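Student: Could you take me closely through one strand of this protein, with its neighbours and its setting in the whole chain? I would like one connected account rather than a list.

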Amino acid sequence: PLIFTDLDGTLLDHNDYQCTEIAPFLSQLSRAGIAVVFNTSKTFAEVIALQKSLGLNQPFIIENGGAVYIPKNYFSLKPIGCEELDEHWRYALSPTNKQLYSELLEYGSEFSAYYRLFSQLSAQEVSQITDLSLAQSELARIREYSDPLFWQGSEQQLLDFLEAIKPLGYEVLIGGRFIHLNRSTNKGKAQNWLVEQFKKHCRHAFTTIALGDSQNDMAMLDAADIAILINNPASKAKAKLSHKPWRVSEHPAPQGWLDEVADLSVIKAQ
Ligand code: 2M8
Ligand code: MG
Ligand code: MG
């Protein structure tokens with residue numbers, strides 16, 4: 001099996017982001033040869049820090065499907081279309097975030113008082129909004145493909161704003177606290193690309209499992225064989241159940257994640 005998981009509100013507690021409870025189980029999965037791929041809206045810098053603290057070195061997907069990072073030589077060949085970085089191969093699915101700010105001003109200038117982009121927030125402000133530590137907030141600010149928007153206006157103003165920027169063609173995704181404007185990618189597309197790479201390098205068929213808690217996780221859940229929704233009472237917009245038979249955890253993160261994964265027969269069989 002191959003596990004794809006969102007982080008905030010799914011594997012990590014929505015508010016304290018603690019990973020002491022999950023570390024032993026993640027090491028156990030890693031020793032059993034089961035890759036746990038983080039599929040998150042977090043940045044490269046945030047994921048690297050997290051993997052380090054967990055003693056993991058796996059492929060991962062950042063910024064809501066913006067890019068896939070694979071440790072060099074994780075597969076016997078560098079996948080087609082990957083750039084070579086210091087320690088990783090990178091497959092980008094999205095253009096960089098350079099245009100976003102000016103595009104939003106061009107199409108929705110009358111709304112600029114109602115939101116702050118991540119790039120406009122100081123580390124102190126990010127920390128206040130998210131409860132991340134200051135050091136973690138610094139890592140969250142190093143963005144390459146996305147610039148999450150913190151909405152401060154009313155719900156109606158948000159709908160009007162989204163209508164005004166429609167010509168820009170962004171896909172609007174709601175995370176735990178922020179609004180993500182994606183171009184030409186989402187977590188599902190990035191996951192599908194990575195699954196293809198695993199298929200090329202694995203001799204056996206394998207089951208894909210995806211876990212998420214918010215609306216921005218829907219595409220990744222839909223793309224997986226087994227979809228698990230982690231109950232997050234604090235999430236801004238819950239992932240809506242599609243026609244697929246999804247499992248829904250009883251407990252929020254991290255306990256819900258541990259319960260659900262440990263209970264899967266494909267995991268027990270390993
Ligand atoms: C942002 O992501 C969360 C995920 O649900 C959100 O949209 O609320 C990200 O931009 C990430 O970089 C950051 O670590 C997180 C902190 O809550 O917020
Ligand atoms: Mg989440
Ligand atoms: Mg997320």
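Tutor: Two residues are taken to be in contact if their C-beta atoms, placed from the backbone, lie within 7 Å. In this predicted model, residues 24 or more positions apart account for 62% of the contacts in the protein with a separation of 6 or more. The protein holds 10 helices and 13 strands, and 42% of its 270 residues count as buried. Its radius of gyration is 18 Å, which agrees with the value near 18 Å that a compact globule of 270 residues would have.

Within this setting, let us look at strand β12, which covers residues 226-229. In a regular strand the side chains alternate between the two faces of the sheet. In β12, Ile226 and Ile228 point one way while Ala227 and Leu229 point the other way, and all of these residues are buried.

On one pairing, strand β11 (residues 208-212) runs parallel to β12 and is joined to it by 4 bridges, with Leu211 standing opposite Ile228. Between these two strands the chain passes through helix α8 (residues 218-223), and the resulting β-α-β crossover is right-handed. β12 also pairs in the parallel sense with strand β13 (residues 247-248), here over 2 bridges, and in this pairing Ile228 stands opposite Arg247. Ile228 is thus a useful residue to follow on screen, since it is buried, faces Leu211 of β11 and stands opposite Arg247 of β13.

Technical notes:
Residues are numbered from 1 along each chain as its sequence is written. Chains are lettered from A and ligands numbered from 1 in the order in which they are written. This is a predicted model: local features need pLDDT of at least 70, side-chain atom pairs count only at pLDDT 80 or more; totals for chains, interfaces and linings use all residues. The radius of gyration is taken over C-alpha atoms; the globule rule is 2.2 Å times the number of residues to the power 0.38. A residue is buried if 20 or more other C-beta atoms lie within 10 Å of its own, exposed if 12 or fewer, and partly exposed in between; C-beta atoms are placed from the backbone. Two strands pair if DSSP finds at least two bridges between them. A crossover is right-handed if, with the strands pointing away from the viewer, the path from the first strand over the helix to the second runs clockwise.
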